[in-house]
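Grab a pencil and open the structure viewer. The exercises below walk you through a few corners of the model, each with a worked solution.

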Protein chains: 2
Amino acid sequence: MKKDLDVLLQAHNLDALLVTGPAQHNPAMVYLTGGAYLSSAELIKKRGTAPLLFYHPMERDGAASTGLKTRDLNDYHLSALIKEENGNQIKALAIRYRRMLADLGLNSGRIAVYGQQDAGTAYAILSELQKLMPEMTLVGEMEDSILMQAMMTKDESEVARIRHMGQITVEVVAEVADFLTSQRVRNETLIKPDGEPLTIADVKRRINLWLAERGAENPQGTIFAIGRDGAVPHNPGSPGNVLKLGQTIVFDISPCEAGGGYYYDFTRTWCLGYATEEAQVVYQDVFTVYNQIVSELRVNTLCRQYQQRVCEMFEARNHPTIQSNPRTQEGYVHGLGHGVGLFIHERPSFAITSGDTDRLLPGVVTTIEPGLYYPERGLGVRLENTFWVRPDGQMEILAEFPLDLVLPVN
Amino acid sequence: MKKDLDVLLQAHNLDALLVTGPAQHNPAMVYLTGGAYLSSAELIKKRGTAPLLFYHPMERDGAASTGLKTRDLNDYHLSALIKEENGNQIKALAIRYRRMLADLGLNSGRIAVYGQQDAGTAYAILSELQKLMPEMTLVGEMEDSILMQAMMTKDESEVARIRHMGQITVEVVAEVADFLTSQRVRNETLIKPDGEPLTIADVKRRINLWLAERGAENPQGTIFAIGRDGAVPHNPGSPGNVLKLGQTIVFDISPCEAGGGYYYDFTRTWCLGYATEEAQVVYQDVFTVYNQIVSELRVNTLCRQYQQRVCEMFEARNHPTIQSNPRTQEGYVHGLGHGVGLFIHERPSFAITSGDTDRLLPGVVTTIEPGLYYPERGLGVRLENTFWVRPDGQMEILAEFPLDLVLPVN
């Protein structure tokens, strides 16, 4: 949790965090500022002290709205530095960082760096800064970073925000279900009032509208994929596809708070009107495995154990899995879940292979999303809910919605 | 333009581009792939050859949809590499890059790196890669990058997409104007049908809805800032503020194509019902300077000359400017414009100080947005249109809308 940051800094022998970039759609900066209308900012959190936010003067109100201690970036005279460095912006920015760090007494030690930025620019500036400050070690990390570790467990205010996005999600999903079931059918195809077939693009337009009505954004886009498209996990659906009865539709929706805040993640698989025998069998396997694994979730357990368990259960039902064949594109082809927060994918990880040691700690918010995929049979099924591991160790679905396969139509 | 990339690579003595990250809301990857449903990918463009896109198998359909040559990232066995490197993901990813590059015959030379990524992660992986490939130079750049240079001039298909976003923008702005002018007024305040005062939050919710109806996203958020808020250029407006007659409202809207494509940028300043004498005077100065500078725009001219010229014009009207006082927070406090494309802010730059040599080349799409800001008088005015420098050298506003200050109300 965020309150553990100082302890984590200490445990990882880090003296400070440096975060760069906007305070919208930039999880590290949103996490440390609470989110604000800042298109470009810098933040340094020295261990044991409150963060200091550096802002551009045009954005002084956004900086002030965070309630953090702030400093005007213009105090560092970047234009003059660029001139002194003969137009070398990268050198000038590195010198500015050195001065900002020095103003906080950070002249040596270890500093972890975060924030969305152009990869090449980050590499250039940070390499230059490292050269300028040989006594200082700049630390870049991945999922093992202390920020990802802090973010993995949520406090109640964060859970409330994720729950709110979950509420919006299931409201919108209900709108979609109502909308689909109220269409006319001709030749086993949903037909709009104008007589034209309803398309995936039509449905997605409405989803974005219903999300916008509720103040949510949808930067990841929605997966609404019918038939063979739904059998490739990240195929978002072909815009021009029509909605035929009896085909499986994978509907995976993951909106976030406006400005790039907390996400929710949710998937249902639907058949309009009826399901084929084949679809029912595959659905039933996913449904059974989903329910079984959810009943087995226990606080503090290693996440990868559940991935292994799900592979065993699917294999026992004669489905290929990435455990039996790591390159399979049929059967169970992905991880069981992932943390959800300011990133749509964050810790805990359920991967078996990478030796992850993530556990279902209290405060974890994670998806559970088994699925089966058969591209050659034009058939995909995934069921996903987002769970909170409560402080009392119980698992709680943050937004309830029926798991039914068949959506009846008129 | 994109077609110049090979020439630019040659001119900058670069052998290849390496682009990382998703193909949504990630300008470099969108530019080179055309945009696709890819949550994480790698792309290498070797000079003189077509780009090669590396994808995760769950996203093979998204990769195929780009029409590019593709390769499955699983061919590089990352999990096995991580195991070999005792769990060191960063080392494993660097080794994977080395292998990907080697498969394209890239074992030495200079490679420029792009794409939105966590700054620390980028620094760690690229530093590791640089160590692994001492014969290779990894190049990170800023605005001077060849990608930013290529992006600065747009081909007609790009301009068509920006123009489409402009059309959506002015439609939504017209909706907002109609909505505001049709409200009731009580005590000089707009009142909703339920008798409550209309707030900035109400207006912004509708803006997002009207954008969503038209298939646009709004990741930057809208500035709709009344009175003193509008006098701080990037203050987005206080959600609870009511809409009083006679106060200046700065309305700056910059939607983009769904999935993180091309932007449009647009600002008007409105007074509901009437404008004070003071507001009229300031508005008139901005309006005059806007029209004058627009009439002076000439193809191939240095952009910074216009910034200088605008400062002179405002100073002649007794307004402080950042030229007369670089730290001023009153008067004219920002640049005259910026390029608009896959980034909301890109080249050309109009900054005087950084020695920029950007010109109004044919194909440039740029905002022109003079403004005046008087926080202590609770008064801000900005007028902004987005212009295309056409191949014939003429300037064209990509979406027309009246510049009027006063919106009459009932």
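**Exercise 1. Find how many residues each chain brings to the contact between chain B and chain A, and work out what the side of chain B is made of.**

Solution. Keep in mind that this is a predicted model.
- Step 1: count each side. Chain B supplies 59 residues to the contact, and chain A supplies 59 residues.
- Step 2: look for the elements behind the side of chain B. Those giving two or more residues include the helices α3 (60-65), α4 (78-84) and α5 (89-103) of chain B. Also among them are the strands β5 (109-114), β6 (116-118) and β7 (136-139) of chain B.
- Step 3: pick out the biggest giver. With 8 residues, α6(B) has the largest share of the side of chain B that touches chain A.
- Step 4: sort by class. On that side of chain B you get 23 nonpolar, 27 polar and 9 charged residues.

**Exercise 2. Which turn and which shift lay chain B on chain A, and what relation is that?**

Solution.
- Step 1: a bit of background. Two copies of a chain are related by a rotation about an axis and a shift along it.
- Step 2: fill in the values. Turn chain B by 180°, shift it 0.0 Å along the axis, and it lands on chain A with an RMSD of 0.0 Å. Such a relation is that of a two-fold axis.
- Step 3: check the surface. Both copies use the same one, as 100% of the contact residues of chain B recur in chain A.
- Step 4: find the axis in your viewer. B:Y123 is the residue of chain B that comes closest to the rotation axis, with its C-alpha at 2.2 Å.

**Exercise 3. In which sense do β6 of chain A and β6(B) pair, and over how many bridges?**

Solution.
- Step 1: recall the two options. Strands of a sheet pair through backbone hydrogen bonds, either parallel or antiparallel.
- Step 2: apply that here. Strand β6 (residues 116-118) of chain A pairs with β6(B) in the antiparallel sense, over 3 bridges.
- Step 3: find a pair of residues. Opposite A:D118 you'll see B:Q116 in β6(B).

**Exercise 4. Work out the strand order of the 4-stranded open sheet in chain B, and which strands stand at its edges.**

Solution.
- Step 1: read off the order. It goes β11-β12-β14-β22 (chain B), and the pairing is mixed.
- Step 2: spot the edges. These are β11 (223-226) and β22 (406-407) of chain B; each has a single partner strand, so one side of each has no neighbour in the sheet.
- Step 3: take one pair from the sheet. Strand β12 (residues 248-253) of chain B and strand β14 (residues 266-272) of chain B are antiparallel, with 6 bridges. One of the residues to look at is B:F251, whose bridge partner in β14(B) is B:R268.
- Step 4: now hop over to chain A for the parallel sense. There, strand β14 (residues 266-272) of chain A runs parallel to β22(A), joined by 2 bridges, and A:L272 has A:L407 in β22(A) as its bridge partner.
- Step 5: back in chain B, see what lies across the sheet. Helix α8 (residues 156-181) of chain B lies across β12, β14 and β22 of chain B, at about 10° to β14(B).

**Exercise 5. Describe how helices α10 and α11 of chain B pack.**

Solution.
- Step 1: start with the geometry. Helix α10 (residues 277-296) of chain B packs on helix α11 (residues 303-316) of chain B at an angle of about 145°, and their axes are 11 Å apart.
- Step 2: add the hand. The crossing of α10(B) and α11(B) is right-handed.
- Step 3: list the partners. From α10(B) come B:V289, B:Q292, B:I293 and B:E296, and they meet residues of α11(B) including B:Y306 and B:F314.
- Step 4: sort the contact by class. You'll count 6 nonpolar, 1 polar and 2 charged residues.

**Exercise 6. Where do you find the cis peptide bond at B:P348, and the positive phi of B:H25?**

Solution.
- Step 1: know the usual case. Most residues other than glycine have a negative phi, and most peptide bonds are trans.
- Step 2: go to the cis bond. It joins B:R347 and B:P348, with omega about 10°, and B:P348 sits in strand β16 (residues 346-349) of chain B.
- Step 3: go to the loop. B:H25 lies between β1 (16-21) and α2 (27-33) of chain B, and has a positive phi of about 50° although it is not a glycine.

Terms used
Residues are numbered from 1 along each chain as its sequence is written. Chains are lettered from A and ligands numbered from 1 in the order in which they are written. This is a predicted model: local features need pLDDT of at least 70, side-chain atom pairs count only at pLDDT 80 or more; totals for chains, interfaces and linings use all residues. Copies are superposed by least squares on the C-alpha atoms of residues with pLDDT of at least 70 in both. Two residues are in contact if their C-beta atoms, placed from the backbone, lie within 7 Å. Ala, Val, Leu, Ile, Met, Phe, Trp, Tyr, Cys and Pro count as nonpolar, Asp, Glu, Lys and Arg as charged, and the others, Gly among them, as polar. Two strands pair if DSSP finds at least two bridges between them. Axes are lines fitted to C-alpha atoms, for helices over the stretch in contact, and angles run from 0 to 180 degrees between N-to-C directions. A crossing is left-handed if the near helix is turned anticlockwise from the far one by less than a right angle, and right-handed if clockwise.
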